[in-house]
Amino acid sequence: MKKKRTISITNPKLRKIRDSLREIISKASDSYERELIKERDGLRLEEDKEKIKVLGDKIDKIYTAWKNSICVCPVCGSRTSDMTFNPHLKAWFCVDCYEKNRQFYVKRGEPHIYP
């Protein structure tokens, strides 16, 4: 996305569905990440350096994708809030954190970071 965008849901039933889907995605991501960590921890450093590096890269990519997804606010960890997309950082933030960060960066003289 190239523009700032806020996704707000007011219907309580739709909120419950949204929150449940976020929880399912978060649990699936966490489960897969744990599997990769167990597999990496079971390898021997001197024999499997390349495989350990590949698994580490996969773990980092999964974690980064989850942190930048709409499922969770990377600042406060909220999974039940309406979210706003920051096109400069390419990440989703809850509306409250986005506004607080926007005010901070405007005062700091860098309003382009939080449009």
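Which residues are exposed on the other side of α2? I opened the notebook with that one, and found Lys49, Glu50 and Lys61 there. A reminder to myself before going on: this is a predicted model.

**Entry 1: helix α2**

I checked the length of α2 before anything else. The helix covers residues 49–67, and its 19 residues at 1.5 Å each should span 27 Å. I got 27 Å between the end C-alpha atoms, which agrees.

Next I listed what is buried in α2: Ile52, Leu55, Gly56, Ile59, Ile62 and Trp66. Looking down the axis, I see these buried residues fall within an arc of 130°, so they line one face of the helix. The general rule fits in here: an α-helix has 3.6 residues a turn, so residues three or four places apart point the same way.

What covers that buried set? I noted α1 (12–41) as part of the cover.

**Entry 2: Glu33, looking from α1**

I picked Glu33, which sits in helix α1. Is Glu33 buried or exposed? I have Glu33 down as buried, because its relative accessible area is 15% and the cut-off for buried is under 20%.

Then I looked up its contacts. Leaving out residues up to four places away in sequence, Glu33 touches Ile59, Ile62 and Tyr63. Ile59 and Ile62 are also among the buried residues of α2. I took one distance as well: Glu33 and Asp60 are 27 residues apart along the chain, and their C-alpha atoms are separated by 8.9 Å.

**Entry 3: the loop between α1 and α2**

I stopped at Gly42, which lies in the loop between α1 and α2. Gly42 counts as exposed because its relative accessible area is 59% and the cut-off is over 50%. From Gly42 I went to Ile52, 10 residues away in sequence, and got 9.6 Å from C-alpha to C-alpha. Ile52 is on my buried list for α2.

**Entry 4: the sheet**

What is the order of the strands? I read β1-β2-β3, an open sheet of 3 strands with antiparallel pairing. β1 (5–7) and β3 (91–94) are at the edges with a single partner strand each, so one side of each has no neighbour in the sheet. I also noted the twist: neighbouring strands are turned by 30° against each other on average, ignoring direction.

I went through the pairings next. β1 and β2 are joined by 3 bridges and run antiparallel; on that side, Ile7 has Met83 in β2 as its bridge partner. β2 (residues 83–86) and β3 also run antiparallel, with 4 bridges between them. There I found Phe85 opposite Trp92, and Thr84 with Phe93 as its bridge partner in β3.

I then asked which residues of β2 are buried on each of its faces. Met83 and Phe85 are buried on one side, Thr84 and Asn86 on the other, and I wrote down both faces as covered.

Helix α3 (residues 95–108) packs on this sheet and touches β1, β2 and β3. I have its direction at about 100° to that of β3.

**Entry 5: the hairpin and Lys90**

β2 and β3 form a hairpin, and I counted 4 residues between them. I wanted to see Lys90, which lies in the loop between these two strands. Its phi is near 55°, positive although the residue is not glycine. I put the general rule beside that: most residues other than glycine have a negative phi. Lys90 also counts as exposed, because its relative accessibility is 59%.

**Entry 6: aromatic rings**

How many aromatic pairs does the structure hold? I have 6. I started with Phe85 and Trp92: the ring centres are 5.2 Å apart and the planes stand at 55°, so I logged the pair as tilted. Both of these residues are buried, and they are the two I had found opposite each other in β2 and β3.

Tyr105 and Tyr114 came next. This pair is stacked, at 5.4 Å centre to centre with 20° between the planes. I have both tyrosines down as buried too.

Last, I followed the ring pairs outward and found a cluster that links Phe93, Tyr98, Phe104, Tyr105 and Tyr114. Phe93 was already in my notes as the bridge partner of Thr84.

Key:
Residues numbered from 1 in each chain as written. Predicted model: local features only at pLDDT ≥ 70, side-chain atom pairs only at ≥ 80, totals over all residues. Heavy atoms only, no water. Expected span 1.5 Å × (residues − 1). Buried < 20%, exposed > 50% of the residue type's maximum accessible area, 1.4 Å probe, protein only. Arc of directions from axis to C-beta. Contact = heavy atoms within 4.5 Å. Phe/Tyr/Trp six-rings, centres within 6.5 Å; stacked < 30°, edge-to-face > 60°. Pairing = 2+ DSSP bridges. Axes fitted to C-alpha atoms, helices over the stretch in contact; angles between N-to-C directions.
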